[in-house]
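Thank you all for coming. I would like to walk through one model slowly, moving from single residues to the whole chain and back again, so please keep the picture in view while I talk.

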Amino acid sequence: MQAQTDPTPGVADIHPPRPVAAPRPLLERWFQLRAHGTDVRTELTAGLTTFLTMAYIIFVNPSILGDAGMPKDAVFVATCLIAALGTLIMGLYANYPIALAPGMGLNAYFAYVVVLGMGYTWQVALGAVFISGCLFLLVTLLKLRELIIRGIPHSLRVAITVGIGMFLAIIALKSAGIVAASKATYVTLGNLHQPSVVLAVLGFFTIVVLDRLKVRGAILIGILLATVLSFVFAGNSFVGVFSAPPSIAPTFLALDIRGALAVGVFNVILVFFLVELFDATGTLMGVAKRAGLLGEGKMHRMNRALLADSGAIFAGSLLGTSSTTAYIESASGVQAGGRTGLTAVTVAVLFLACLMISPLAGSVPAYATAPALFFVACLMLRELTELDWEDTTEVIPAAVTALTMPLTYSIANGIAFGFISYAVLKLCTGQARQAHPMVWIIGGIFLFKFIFIGGH
């Protein structure tokens with residue numbers, strides 16, 4: 001007799017088992033790609049875009065720090081390593097599409113002011129970078145960054161950026177041979193018939209035109225074009241492209257912290273610290289805003305990003321390079337769709353790959369990197385539009401800051417005169433209460449330094 005089927009549904013029929021969700025890929029889990037509206041392909045493309053727009057630093061940084069007597073090959077390795085390390089931390093720890101590398105302006109201050117101008121050794125200058133990195137790390141951990149930033153007038157923050165741009169401009173024109181020394185007028189027009197000048201001008205216009213046409217890597221292409229032509233028209237020697245990375249031993253752990261703690265270096269440390277603070281914060285906020293990563297005007301992982309930044313400054317001084325900072329060129333990767341740390345990780349891997357092109361890096365002359373410096377300098381001047389030109393107590397200290405940097409060949413002097421003049425004008429116009437206590441503290445420190453310690 002055949003058994004009858006029980007029509008009563010079982011538990012399994014009433015509550016069918018839910019399908020087991022497939023495990024999410026590692027990259028999705030770590031970087032939360034879907035939540036940010038992106039995918040692996042987009043992030044990799046964005047990383048390549050960012051890298052191409054900032055890869056010029058592997059040629060420019062060794063050239064600038066080499067003028068300070070640092071071994072260019074070792075600086076090249078240090079530049080690639082710290083750019084890779086800092087950017088990797090930014091990507092994996094803070095999950096932002098922001099790349100780090102030795103900062104433009106600070107490397108020039110390191111070489112041309114601290115070492116060549118003040119006469120300190122590059123080892124002492126590295127020690128100053130190390131101490132400023134420790135201070136930056138400390139204020140980040142203690143969450144004092146916002147207090148300090150709020151205390152610095154907006155006009156002076158703008159002026160520091162503009163002044164550094166003007167400082168870079170005069171260095172670039174000098175390296176290109178367009179500006180030369182003169183006993184009568186201090187500076188004058190150089191010999192425009194030299195091949196180096198012609199190649200620098202050609203490189204500059206190439207960069208501007210390609211940038212206007214939105215060609216990726218415009219700055220890098222301009223540098224490489226001037227370098228290639230230098231082998232034909234300027235007597236430069238071609239020694240190849242690829243080789244094993246040079247030794248980093250000449251700069252690794254070569255910093256002199258004891259020398260940097262001398263009284264005369266205090267204002268150097270202060271300048272490094274202040275510029276690092278403004279540069280990092282401004283760049284991080286700017287790139288995050290463009291990427292749509294700001295919530296109610298704030299970066300939710302800002303402290304992580306600043307820890308990555310300050311940690312890179314600390315590590316960079318140990319490897320043998322000037323202060324590392326976030327790069328505004330990261331905005332190009334954001335424009336290409338980058339939204340997560342996977343973009344930054346891609347940039348880091350590409351910087352590591354650059355370790356194999358040291359012969360090419362060593363062949364790039366100063367006049368080939370000068371167009372990149374001058375282009376960056378020109379772009380930094382656009383900050384002037386943010387000044388309130390109707391309030392002379394704001395705009396005059398800003399102008400003093402910006403003009404003093406190139407004319408005294410010192411970023412430190414520009415910042416010092418800016419803070420002092422700001423405090424004096426607010427005091428003399430009955431607006432002393434409008435100045436934050438931080439203005440009086442920093443201005444007082446610089447004034448004490450000028451009166452009791454001396455110039456520079």
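Let me begin with a question: in which helix is the place of leucine 138? Leucine 138 sits in helix H7, which covers residues 122–141, and before I go further I should say that what we are looking at is a predicted model. With a relative accessibility of 44%, leucine 138 counts as partly exposed, because that value falls between the 20% under which a residue is called buried and the 50% over which it is called exposed. Leucine 138 also belongs to a nonpolar patch on the surface, formed together with Leu141, Leu142, Leu144 and Leu147, and the accessible area of these residues together is about 450 Å².

Now let us step back to the chain as a whole. The protein chain has 21 helices and four strands, and its C-alpha trace spans about 120 × 65 × 45 Å along the principal axes. Of the 456 residues in the chain, 53% are buried, while the area that the chain exposes comes to about 20,900 Å², with carbon and sulfur atoms supplying 66% of it. If we take the contacts with a separation of 6 or more, 82% of them are between residues 24 or more positions apart.

From there we can go inside. Which residues have the most contacts inside the largest nonpolar core? They are Tyr109, Phe110 and Ile415, in a core that has 123 residues. Helix H13, residues 266–290, gives the most to this core, with 13 residues. If you pick out isoleucine 415 and set aside residues up to four places away in sequence, you will find that isoleucine 415 touches Ile160, Val271, Leu274, Val275, Thr401, Met405 and Phe446. There is also a second, separate core of seven residues, and among them are Val158, Ala159, Val162 and Leu387.

Two buried residues make useful examples here. The first topic is phenylalanine 76, whose place is in helix H5, residues 72–94. Phenylalanine 76 has a relative accessible area of 2%, and it is therefore buried. Apart from its neighbours within four places in sequence, phenylalanine 76 is in contact with Ile58, Pro62, Cys354, Leu355, Ile357, Ser358 and Ala361. Phenylalanine 76 can also be set against histidine 436, since the two are 360 residues apart in sequence and 41 Å apart in space, C-alpha to C-alpha.

The other example is threonine 49, found in helix H3, residues 40–54. Is threonine 49 buried or exposed? Threonine 49 is buried, because its relative accessible area is 4%. Leaving out neighbours within four places in sequence, the contacts of threonine 49 are Arg216, Ser332, Gly333 and Ala336.

Next come the charged side chains and the cysteines. How many salt bridges does a search of the whole structure find? The search finds one, and this salt bridge joins glutamate 394 to lysine 426, with the closest N and O atoms 3.1 Å apart. The pair links distant parts of the chain, 32 residues apart, for glutamate 394 is in helix H19, residues 392–407, and lysine 426 is in helix H20, residues 411–428. Both glutamate 394 and lysine 426 are buried. As for disulfides, the structure holds zero. Cysteine 378 has a relative accessible area of 35% and so counts as partly exposed, whereas cysteine 428, at 63% relative accessibility, counts as exposed.

Finally, I would like to turn to the backbone and compare two loop residues. Glutamine 32, in the loop between helix H2, residues 26–31, and H3, has a phi near 55 degrees, which is a positive value in a residue other than glycine. Asparagine 95, in the loop between H5 and strand S1, residues 100–102, likewise has a positive phi of about 55 degrees although it is not a glycine. As for their surroundings, glutamine 32 is partly exposed, because its relative accessibility is 39%, and asparagine 95 is buried, because its relative accessibility is 10%.

Terms used. Residues are numbered from 1 along each chain as its sequence is written. This is a predicted model: local features need pLDDT of at least 70, side-chain atom pairs count only at pLDDT 80 or more; totals for chains, interfaces and linings use all residues. Side-chain values use heavy atoms; hydrogens and water are left out. Buried means under 20% relative accessible area, exposed over 50%, partly exposed in between (1.4 Å probe, protein chains only). Contact means heavy atoms within 4.5 Å. A nonpolar core is a set of buried Ala, Val, Leu, Ile, Met, Phe, Trp, Tyr and Cys residues joined through side-chain atoms within 4.5 Å. A disulfide is a pair of cysteine sulfur atoms within 2.5 Å. Patches are made of residues with over 30% relative accessible area and no salt bridge: like charges are joined within 9 Å, nonpolar side chains (Val, Leu, Ile, Met, Phe, Trp, Tyr) within 5 Å. Accessible areas come from the Shrake-Rupley method with a 1.4 Å probe; for residues, only the protein chains shown count as cover. A salt bridge is a side-chain nitrogen of Lys or Arg within 4 Å of a carboxyl oxygen of Asp or Glu.
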